[in-house]
Every structure is written in structure tokens, then in C-alpha cells.
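Biologist: Could you take me slowly through one part of this protein, explaining each term as you go?

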Amino acid sequence: MKKLLSVLLVCVLVFSLAACSKSADNSDSGRTDITLCLDWTPNTNHTGFYVALEKGYYEEAGLNVTIVQPPENGAVQACAAGQAQFAIDAQDTLAPAFTSDTPLDVTAVAALIQHNTSGIISKKGEGMDRPSGITGKTYLTWDSPTEKAIMENVVNGDGGDWDKVTLIPNTVTEEAQDVNNNPDHAIWVFYAWGGINAKVNNIDTDFFFFKDINPTFDYYTPVIIANNEFLNTNPDAAKKFLEATRKGYEYAVANPEEAAQILINGDETGSLTGSEQLVTESQKYLANQYIADAQKWGYIDPARWDGFYAWLYEEGLVEKELPAGTGFSNDYLQ
């Protein structure tokens, strides 16, 4: 019985993975099947996808798109394994995928937001409106080597002393409320969510962007990645997916309030329930960030991409040097 059970479990796993990685040419609807794996629960970084679904842009492009939540081992791994044709990640966390002894088979094909909108939030008036002010205060860390190297760079580069910053684990979900209650706390947030949350809740905070302190940190976060085998065998479908997605984001730029409601309606996880005002205000902010000053939606600037990866190597944060152009392509953008 144990042997039979083991065989049955293996069969179930094989068929499950086969279903997840269904060939792009086997859609019962006659359209190309595309699975997009998110990096987190639905949020305003993802709005363009939900708009493209709701407005029928994917269907018009001959695509049958399904949006799924990331598995336990992560969106990048799911995409590399072919369980999803596209996924969401960020340039900094993608670096190991390209530098390990067994590189993951993925390529970044579009930027969801043109500039890095992350930075440090703190209680207003506590002197942490610049990095040097964090000296002698408390920073809530995820304990990532790249994260801490960036923090050391901006604090010391601004005349502060990173060695005099107290580090504690970051387990906070309401950053604005935390710094309001703990005046010595500094927290890394993405302004479109953490910064806007402070405004919605009328909490006075200070904030600085990493990209304003050191242009090297204007890296791409988040990005759309694609499975390389899918790109090689279905380049036209990949282009159609990105073209329909572009239309979704351009619609969100022109109609942020309606796009916010589309996102809320499309969120099957329920995680946005009760946060409708935050979603709407975040959407208004990102309407100016999706494309910003880029020549077109999704474009990845080679100099910025390569510059950040060169810095990671110089700091010993990746195992090997990455040649220029590693890990991204603009070839699938229309």
C-alpha cells in the first residue's frame, strides 16, 4: 500500500506540474495560454495586468491569461521551471539567478515602474530626512546583504556612521504607524504603498529616495521576467502579451481611479478589502511612475541596469561579474 501510495503521489505531482506548464499551443479556446505569476498579493504595481484582463486586451491579442499567486519556492523559480511563462520580480533579487553556478532560465523583458521608488520612512522631525540622520537610531532590517550594503553606502556617503545604527528584524506591516509610535525607527518602504499609507492616515513622516542619494540605486524594481524557452519558441506570443499589458498600464495612467477599482474588483485574495482609499491614492501616484520619462512603457535603460550589477560585483555581493546586457532584453517591447 505504501508503494502504491507513493506511485499515486508522484503521478499527481507530474500531472499537476504538466497542467501548470501547459504548452502555449494547446489552448482549448484557440488562444495562446499564458500564466503570469505575481511576486506578492495583488497591489498597484500589478494594476495594468488586471486592466488588460478586464478590458479584453489579452483576448483581443489571442491570449488566454491567468494570474496566479507565487508558490512557496517563489515566482522566479516557477517561471524558470516553465510553470509560468511570465512572473514578477526585481533587479536586485534577480541577481543571484544570473550569477550562480546553475543560472535560472529567465530574462527581464519589461520594467513595471520606470524608477526605483523605494526609500526610508521615519517620523517627521526626528532628523532622518537624510541618511546621515539614521546614525544613532534604529533601522528595521530584512537582513539581506544587498539591502544592508545599500544602507551602509547611503548612510556613510552622507556623512553618517552605519556602525552606529542599531539593527532589529523588520516584521512590520504598517510602517507609517510604526515610526509614528517609535520615533527612533527608520524603515525601507516603497513610496507608492508605505509613503502613501502615511498620507492617507494623516501621519507626518520624513522620506528620502535611494535614487536621489546615489543614482546607482535607481535600479529596476519591479520587472516582468519571462521563461527563456518560451521566449525562444513563442516570441510573437511574448510580444503580444507585453503589447496588451502596455495598453493596460497606459489605461491606468490615463484613468487611475477607474483602474484602482478594476484592481480591487479583480483581487481574488481579498487582501485589498478595507484599503480602497489607499489603493486609489497609490494608483494616482503610480500613474506618473509607470512610464515617467522613459521613451515607452516597459523600457529598461541598459546603462542603469548594467551599472547596478557592476556595483553589486564591486561590493562582493554576487559571485561573478555580469557582462553588459546580462539578464534583460527590450526586444519584445513594441
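Modeller: What follows is a close look at helix 14 and its surroundings. The model is predicted, so local features need pLDDT of at least 70 and side-chain atom pairs count only at pLDDT 80 or more, while totals for chains, interfaces and linings use all residues. Residues are numbered from 1 along each chain as its sequence is written, and side-chain values use heavy atoms, with hydrogens and water left out.

Helices (H or I, at least four residues) and strands (E, at least two) are DSSP runs, numbered from the N terminus. Helix 14 covers residues 302-314, and at 1.5 Å a residue its 13 residues should span 18 Å, which agrees with its end C-alpha atoms being 18 Å apart; the expected span is 1.5 Å times one less than the number of residues.

Within helix 14, the residues R304, W305, F308, Y309, W311 and L312 are buried, where buried means under 20% relative accessible area, exposed over 50% and partly exposed in between, with a 1.4 Å probe and protein chains only. Seen down the axis of helix 14, these buried residues fall within an arc of 150°, so they line one face of the helix; the arc is that of the directions from the helix axis to the C-beta atoms. On the other side, A303 and E314 are exposed. The cover over the buried residues includes helix 5 (91-99), strand 4 (106-111), helix 6 (145-157) and strand 10 (223-227).

At the N-terminal end, D301 caps helix 14 through a side-chain oxygen that lies 3.0 Å from the backbone nitrogen of A303. Just after helix 14, G316 takes a positive phi of about 75°.

Terms used
Contact means heavy atoms within 4.5 Å. A polar contact is a pair of N or O atoms within 3.5 Å; within protein, one must be able to donate a hydrogen and the other to accept it, and residues adjacent in sequence count only if both atoms are side-chain atoms.
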